[in-house]
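Visitor: I would like a close look at a single helix, and at how its two sides differ. Could you take me through one part slowly, and then show how it compares with what lies elsewhere?

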Amino acid sequence: MMPPIVCVIAGSDPSGAAGLQMDLRVLSLLGVYGTSIPTAFTVQGLDKGIAWEPSPPDLFEKALQTVFSELPVKVVKCGMLGTAEVALKLAEVLPSFSGKVIIDPILSASSGLFLSEKKLVSVLRERLFPLATLVTPNIPEAEALLGLKINPGDEPEAVKALKALGPQAVLLKGGHRKAEKVQDFFFDGYTLKIFEHPRLEGNFRGTGCFLASAIAGLLAQDKALVSAVEEAISLLELALYSAQSSNIFPPPANALVLWERLSGGRKVLEDLMAAVEKFVSHPVRPLIPEVQSNLAYALPYARKVSEVAAFPGRIVGYGNSARPVGCPRFGASSHVARIVLTAMRFEPSKRAALNIRFDRKFIEKAQNLGLKVGWFSRRDEPEEIKAREGGTLSWGVRRVIQELGLVPDLIADEGDLGKEPMIRILAEDPFKAVEIALSLL
């Protein structure tokens, strides 16, 4: 069975950081078949734009007709069009296309190189926007299209003015604003929805291409428009987080990261189940505390409790071993999730945690094995942290990591009034966490 097809109409970027190359890579990650028609040949490096030449309009038109006549295209994604002449050829062919159309009205590159002639703006406004399912301009592009300055706070009116140009919906991207939070404004004529997310520092190119292509790929898989937009924004944010670690956007491991998210964290859940089965196949009862144990594993670059999986009924002592209560699921344990999330802020690879019974013999054995051990005392906890539900563990883990300058293998505390002493094992994955725990027996 052939996967859904998205036809990408955009400029070629030889650096691979944007344009057709980025579009096709994103579609491939989403499991979508991408075909492409170049509108221009650009000369760009990773951080600079040099020059560009448009595709011959007649050849471009023939390519369009051939693709649409021979392939069952579900979605068209338009990026750089370059010239009014090429845009007009597209406007003549698109009315006969029955699928969805995403237009990312690229007018210039991130480097500042202009990628369009002045006449293109009027063609976009008058001929192409009325044919679009969704248009995705950034603030400078929206200003050029509307012919007015969009000041902070003007975005709700601006997105409605863009909708009045004829597209079914508009996503006005706010990344060019120098605010701490990035706000993207979606309007479909009925609902104004604001997507807010933290600004991530870095020199990223091709983010607009990534986002529009991700939306196109998700629409090709029959996602509803607003759901496709929301999920694509989340995937872009995830890719940017992972790019911060590698200094490359999109990062080399991006395929695995995106696959894990799109699969619903299937591998996370499978690995948790396999690891706990290994754990309980040993006589682990001496490791189980009075409050019982739990084993958690986070999605790559997780930032929320709902992105960390654990066992909803914990891992309880049973005979000389233990048993998990229920199957792992995301958001099942806020306590262990907070430990993992705090550690990941310092070292994103530390995605797993397991709590075990406090015993000084376990600490001594861990140190003899060369494992790194950190301590915190609940008596040192500030009163405002104690008063906040669930704040202790994040505070304790953060304090230990800051004092040691690294994420240790074990973090211990001797408890307090009504609080059982505990050891938390931190590791890259649940198998490593279980391996460390078993080494202490």
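Guide: A residue is called buried here when its relative accessible area is under 20%, exposed when that value is over 50%, and partly exposed in between. The model is a predicted one, and the part to look at is helix H2, which spans residues 57-70. This helix has 14 residues and reaches 20 Å from its first C-alpha to its last, close to the 20 Å expected at 1.5 Å a residue. By the cut-off just given, the buried residues of H2 are Pro57, Phe60, Glu61, Leu64, Val67 and Phe68. Because these residues cover an arc of only 130° around the axis, they lie on the same side of H2. Against that side pack strand E1 (5-12), strand E2, strand E4 (73-78) and helix H3 (84-93), which are the partners of the buried residues of H2. The face turned away from the buried side carries the exposed residues Asp58, Leu59, Lys62, Ser69 and Glu70.

Two residues of H2 also take part in a network of salt bridges, in which Asp58 and Glu61 are linked with Lys89. Of these, Glu61 is listed among the buried residues of the helix, whereas Asp58 belongs to the exposed face.

Strand E2, one of the partners of H2, covers residues 33-44 and contains phenylalanine 41. Phenylalanine 41 has a relative accessible area of 53% and is therefore exposed; together with Val43 and Ile50 it forms a nonpolar patch on the surface, with about 290 Å² of accessible area.

Helix H6 (residues 155-163) can be set beside H2, with Glu155, Ala158, Val159 and Leu162 as its buried residues. These cover an arc of only 95° around the axis, so they are on the same side of H6. The buried residues of H6 pack against helix H5 (139-146), strand E7 (170-172), strand E8 (181-187) and strand E9 (192-198). Within strand E8 sits phenylalanine 185, which counts as buried because its relative accessibility is 4%. Leaving aside neighbours within four places in sequence, the contacts of phenylalanine 185 include Glu155 and Val159, as well as Val170, Leu172 and Ile194. Phenylalanine 185 and leucine 172 are 13 residues apart in sequence, yet 5.0 Å apart in space, C-alpha to C-alpha.

How values were computed: Residues numbered from 1 in each chain as written. Predicted model: local features only at pLDDT ≥ 70, side-chain atom pairs only at ≥ 80, totals over all residues. Heavy atoms only, no water. Patch = residues over 30% accessible without salt bridge, like charges linked within 9 Å, V, L, I, M, F, W, Y side chains within 5 Å. Areas by Shrake-Rupley, 256 points an atom, 1.4 Å probe, with all protein chains shown as cover. Salt bridge = Lys/Arg side-chain N within 4 Å of Asp/Glu carboxyl O. Helix = DSSP H or I, 4+ residues; strand = E, 2+ residues; numbered from the N terminus. Buried < 20%, exposed > 50% of the residue type's maximum accessible area, 1.4 Å probe, protein only. Arc of directions from axis to C-beta. Contact = heavy atoms within 4.5 Å. Expected span 1.5 Å × (residues − 1).
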